[in-house]
Amino acid sequence: MTSKTTNKFSSEVRTRAVRMVQEHGGEYPSRWAAVVSVAGKIGCSAHTLNEWLKKAEVDGGQRAGVTTDMA
């Protein structure tokens, strides 16, 4: 199941946004602050970017869940 918001952004944009939060998160007082900042830069909601981050963590083995290739 894919949301309309996810389809609005290419996989390259989603990957870049996730990487920006992961690489620059330490520059913010919290992960959420980093998510809000990056989301504003790419034009998506913070909630959407946070969902992309969670999925990337599952796919990378850092979080429990069903990976994209298994869904």
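The following exchange asks how several descriptions of this predicted model are justified.

Reader: What makes the protein count as compact as a globular protein of its length?

Author: The protein has 4 helices and 0 strands, and along the sequence the pattern reads α-α-α-α. Its radius of gyration is 12 Å, and the globule rule gives 11 Å for 71 residues; the two values are close, so the protein is as compact as a globular protein of that length. Along the principal axes, the C-alpha atoms fill a box of roughly 35 × 25 × 20 Å.

Reader: Why is Phe-9 called buried?

Author: Buried means under 20% relative accessible area. Phe-9 has 9% relative accessibility, so Phe-9 counts as buried. The residue lies in the loop between α1 (4-8) and α2.

Reader: Which residues does Phe-9 touch, not counting those up to four places away in sequence?

Author: They are Arg-14, Ile-42, Gly-43, Cys-44 and Trp-52. As for Val-35, its C-alpha is 16 Å from that of Phe-9, with the two positions 26 residues apart in sequence numbering.

Reader: Why is Met-70 called exposed?

Author: Exposed means over 50% relative accessible area. Met-70 is at 66%, and therefore counts as exposed. Met-70 sits in the segment after α4. Its C-alpha is 9.6 Å from that of Asp-59, and the pair is 11 residues apart in sequence.

Reader: Why is Tyr-28 given the label partly exposed?

Author: The label covers what falls in between the under 20% of buried residues and the over 50% of exposed residues. Tyr-28 has 25% relative accessibility, so Tyr-28 counts as partly exposed. The loop between α2 and α3 holds this residue. Tyr-28 touches Ala-33, Ala-34, Ser-37 and Lys-41, with residues up to four places away in sequence not counted.

Reader: How many of the 71 residues, as a percentage, are buried?

Author: Buried residues account for 30% of the 71.

Reader: How do you know that α2 and α3 meet, and what describes their packing?

Author: Contact means heavy atoms within 4.5 Å. On the α2 side, Val-13, Ala-17, Met-20 and Val-21 meet Ala-34, Val-35, Val-38, Lys-41 and Ile-42 of α3. By class, this contact has 8 nonpolar, no polar and 1 charged residues. Two packed helices are described by the angle between their axes and the distance between the axes. Here the axes of α2 (residues 11-24) and α3 (residues 31-42) come within 9 Å and cross at roughly 145°. The crossing is right-handed.

Reader: What does Met-20 in α2 touch, leaving aside neighbours within four places in sequence?

Author: Met-20 is in contact with Gly-25, Val-38 and Lys-41. Between Met-20 and Ala-34 the C-alpha to C-alpha distance is 8.7 Å, at a sequence separation of 14 residues.

Reader: What makes a set of residues a nonpolar core, and which residues have the most contacts inside the largest one?

Author: The members must be buried residues of the nonpolar core types, joined through side-chain atoms within 4.5 Å. The largest such core has 14 residues, and those with the most contacts inside it are Val-21, Val-35, Val-38, Cys-44, Leu-49 and Trp-52. The elements that give two or more residues to this core are α2, α3 and α4 (46-59). Val-38 touches Ala-17, Met-20, Val-21 and Leu-49, not counting residues up to four places away in sequence.

Reader: Among contacts between residues at least 6 apart in sequence, what share joins residues at least 24 apart?

Author: The share is 32% of those contacts.

Methods
Residues numbered from 1 in each chain as written. Predicted model: local features only at pLDDT ≥ 70, side-chain atom pairs only at ≥ 80, totals over all residues. Heavy atoms only, no water. Axes fitted to C-alpha atoms, helices over the stretch in contact; angles between N-to-C directions. Left-handed = near helix turned anticlockwise from the far one by under 90°. Nonpolar A, V, L, I, M, F, W, Y, C, P; charged D, E, K, R; others polar. Buried < 20%, exposed > 50% of the residue type's maximum accessible area, 1.4 Å probe, protein only. Rg over C-alpha atoms; globule rule 2.2 N^0.38 Å.
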